[in-house]
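Please look over the model shown below, with attention to how its helices pack, how its sheets are ordered and what surrounds its ligands. A report on these points follows.

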Amino acid sequence: MYKIQTLNNISAKGLDRLPRDSYETGTEISAPDAILLRSYKMHDMQVPDSVLAVGRAGAGVNNIPVDAMSDQGIPVFNTPGANANAVKELVLAGMFLAARNICQAWDYTRNLDGDDASLSKEVEAGKKHYRGFELPGRTLGVIGLGAIGVKVANAARALGMNVVGFDPGITVSSAWALEAGVRQAHSVDELVGRSDFITIHVPYNEHTANLINADRVAMLHKGGAVLNFSRAGIVDDQAVVDAIDSGHLTAYINDFPTNLTKNHPKCITLPHLGASTTEAEDNCAIMVADQVRDYLENGNIHNSVNFPEVNMPRAENCERMTVVNANVPNMLGQISTTLADAGLNIDDMYNKSRGDLAYTVVDVAGSIPREVAEVVRGIKGVLKVRVLD
Ligand SMILES: NC(=O)c1ccc[n+]([C@@H]2O[C@H](COP(=O)([O-])OP(=O)(O)OC[C@H]3O[C@@H](n4cnc5c(N)ncnc54)[C@H](O)[C@@H]3O)[C@@H](O)[C@H]2O)c1
Ligand SMILES: O=C(O)[C@H](O)COP(=O)(O)O
C-alpha cells in the first residue's frame with residue numbers, strides 16, 4: 001500500500017487516479033511515500049525520511065525546498081501548462097478591468113442611493129469619470145514566454161494588441177507556439193521601454209526577485225499598467241504604487257495582495273486566483289497524480305524540476321532497481337559490477353544525469369535479492385535505492 005500525504009486540497013479527479021486498493025491518501029498520513037501539494041510552504045517542514053517523491057499540482061515550486069529534496073534523492077514534480085489557460089484568462093480579465101476602470105465604476109454604482117429615476121440620472125452624470133481606453137494598438141510586453149506567457153501573448157495579438165516578448169530561455173516548442181506577430185525584445189529594459197502594459201510569467205527565484213523595480217517602472221509608457229500573476233517579490237510593489245501616485249502609471253493588477261496594495265484605489269488585487277478554476281485544478285491534480293504514481297510504481301520520471309526525464313518500459317519477468325546517486329564518475333560501473341558479482345543478468349538499463357544528480361533504472365531477469373540492493377545502497381554517492389517488483 002502506498003501512502004500519500006496531501007498538504008493542500010487536491011482535486012478528487014486527481015486522487016481518483018490512485019487506486020484505493022493500493023493507495024491511501026489523506027492529510028494526516030504518517031510516514032508517507034509521497035507528498036502532494038499546491039502552495040503549502042514546505043520550507044519549514046520536517047520532511048519524513050519515508051518520502052520518495054513530492055508532487056506540486058501547479059507550476060511554481062518556490063514553496064518547496066527543491067535543493068534539499070535533491071540532496072535527499074527526492075524528485076519534485078510539477079504540472080507544466082496544466083493551469084496556463086486559467087491564468088491567461090485572468091490576465092486578459094485584468095487588462096480589461098484596468099482599461100475600462102471596471103472595478104472603480106462598479107464600486108460607484110454600488111454606492112448610489114435613491115429611486116431608479118435618480119439612479120439613472122446619477123449614472124449618466126457619473127460615467128464621465130470612468131472613461132477608459134481600448135486595447136487594439138496598445139503594446140503588451142510579456143516577460144517569460146513559457147506555458148502561460150505564450151498563451152497570453154497570442155490572445156493579446158488576437159485582441160489587436162502589439163505584443164513584444166522577452167525570454168532568453170524560450171524553448172523550441174514555445175517558440176513554435178507563438179503567433180508570428182509577437183515581436184522579440186532583447187532585454188527586460190527594451191521590453192519595458194516599448195510597452196503600455198507589462199505582464200510577468202517567470203518563476204520566482206534569485207534572478208527574478210525584484211525584476212520590475214523603480215528604474216524599470218519609470219521606463220514604461222506614461223499611462224501604462226503592470227500585471228503580476230507570477231509571484232510576490234518579482235515586482236517591487238512600492239515602486240509601482242509610487243508610479244501610480246505620481247500619475248505615471250494607471251493600474252497595478254496582481255494576484256498577491258499586500259497591505260500597501262489591497263486598498264489602493266488603482267490596484268486590483270486578487271487572492272492568488274490564477275489557477276483556481278475547476279478545469280485547472282482537475283488538470284493539475286490528474287497530471288501530478290499520474291506522474292507520482294508512475295514514479296512510485298515504475299521509477300519513471302516525467303515533469304520533474306530536479307531529476308532527468310526517464311521513461312523505460314518494464315521488461316517482462318524482471319524486477320526493477322532504481323538508483324539515485326551523485327553525478328560523479330564510475331557510479332554506473334559500480335552498480336553494474338555489483339549486479340554482475342551477484343550473478344544477476346541485466347535485461348535493460350537506462351542512466352541519465354541532471355546537474356549534480358544521476359538516475360539509473362535497471363531491469364534484472366528474475367528477482368533482485370534485497371542484500372544486493374543493500375550493497376548498492378552502500379556505494380559512496382548513492383542517495384536512494386528502490387527495488388520495484
Ligand atoms: N497566479 C497563479 O495562480 C499562477 C498560476 C500558474 C503559474 N503561476 C506562476 O507563473 C510562473 C510561470 O508559469 P508557467 O507555467 O508559464 O511556467 P513555464 O516554466 O512554462 O514558463 C516560465 C518561462 O519563464 C522564462 N524565464 C525564466 N526566467 C526568466 C527571466 N529572468 N526573464 C525572462 N524569462 C524568464 C523561462 O525560460 C520559461 O520559458 C510560475 O513559475 C508561477 O510562479 C502563477
Ligand atoms: O504556481 C502555480 O501553479 C500557481 O501559483 C497556483 O497555485 P495554487 O495551486 O496554490 O493555486
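H3 passes H6 in a right-handed crossing, a crossing being right-handed if the near helix is turned clockwise from the far one by less than a right angle, and left-handed if anticlockwise. The model is a predicted one, in which local features need pLDDT of at least 70 and side-chain atom pairs count only at pLDDT 80 or more, whereas totals for chains, interfaces and linings use all residues. Residues are numbered from 1 along each chain as its sequence is written, while chains are lettered from A and ligands numbered from 1 in the order in which they are written. Helices (H or I, at least four residues) and strands (E, at least two) are DSSP runs, numbered from the N terminus.

The axes of H3 and H6 lie 9 Å apart and make an angle of about 45°, where axes are lines fitted to C-alpha atoms, for helices over the stretch in contact, and angles run from 0 to 180 degrees between N-to-C directions. The two helices H3 and H6 are therefore oblique to each other, given that angles under 35 degrees count as roughly parallel, over 145 as roughly antiparallel, 65 to 115 as roughly perpendicular and the rest as oblique. On the H3 side, Ala84, Asn85, Val87, Lys88, Val91 and Leu92 meet Ala147, Ile148, Lys151, Val152 and Ala155 of H6, contact meaning that the C-beta atoms of two residues, placed from the backbone, lie within 7 Å. This contact of H3 with H6 comprises 8 nonpolar, 1 polar and 2 charged residues; here Ala, Val, Leu, Ile, Met, Phe, Trp, Tyr, Cys and Pro count as nonpolar, Asp, Glu, Lys and Arg as charged, and the others, Gly among them, as polar.

H3 (84-99) and H6 (147-158) also take part in the surroundings of ligand 1, each supplying at least two residues of its shell. The largest share, 3 residues, comes from H6. In total 32 residues surround ligand 1, and the closest are Gly60, Gly144, Gly146, Gly169 and Gly274; a residue is near a molecule or strand if its C-beta atom, placed from the backbone, lies within 6 Å of it. Around ligand 2 stand Arg38, Ser39, Gly58, Ala59, Gly60, Asn83, His272, Gly274, Ala275 and Ser276. The two shells divide by class as follows.

| Shell | Nonpolar | Polar | Charged |
|---|---|---|---|
| Ligand 1 | 15 residues | 14 residues | 3 residues |
| Ligand 2 | 2 residues | 7 residues | 1 residue |

An open sheet of 7 strands, with parallel pairing, has the order E8-E7-E6-E9-E10-E11-E12, two strands being paired if DSSP finds at least two bridges between them. At its edges, E8 (183-184) and E12 (267-269) each pair on one side only. H3 packs on this sheet, touching E9 (197-200), E10, E11 and E12, and its direction makes about 150° with that of E11. Within the sheet, E10 (residues 224-228) and E11 (residues 249-254) run parallel and are joined by 5 bridges, and Ala225 stands opposite Ala251 in E11.

An open sheet of 4 strands, in the order E14-E15-E13-E16, has antiparallel pairing. Its edges are formed by E14 (346-354) and E16 (382-388), each with a single partner strand, so one side of each is left without a neighbour in the sheet. The twist averages 10° from one strand to the next. E14 pairs with E15 (residues 357-365) in the antiparallel sense over 8 bridges, and the bridge partner of Asn351 in E15 is Thr360. The hairpin of E14 and E15 has 2 residues between the strands, and Gly355 takes a positive phi near 60° there. E13 (residues 318-326) runs antiparallel to E16 and is joined to E16 by 6 bridges, with Arg320 opposite Leu388 in E16. H13 packs on the sheet, touching E13 and E16, and its direction makes about 160° with that of E16.

H13 (residues 370-377) also packs with H12 (residues 331-341), at an angle of about 155° and with the axes 10 Å apart. H12 and H13 are therefore roughly antiparallel to each other, and H12 passes H13 in a right-handed crossing. Their contact joins Ile335, Thr338 and Leu339 of H12 to Val372, Val375 and Val376 of H13, and its residues divide into 5 nonpolar, 1 polar and no charged.
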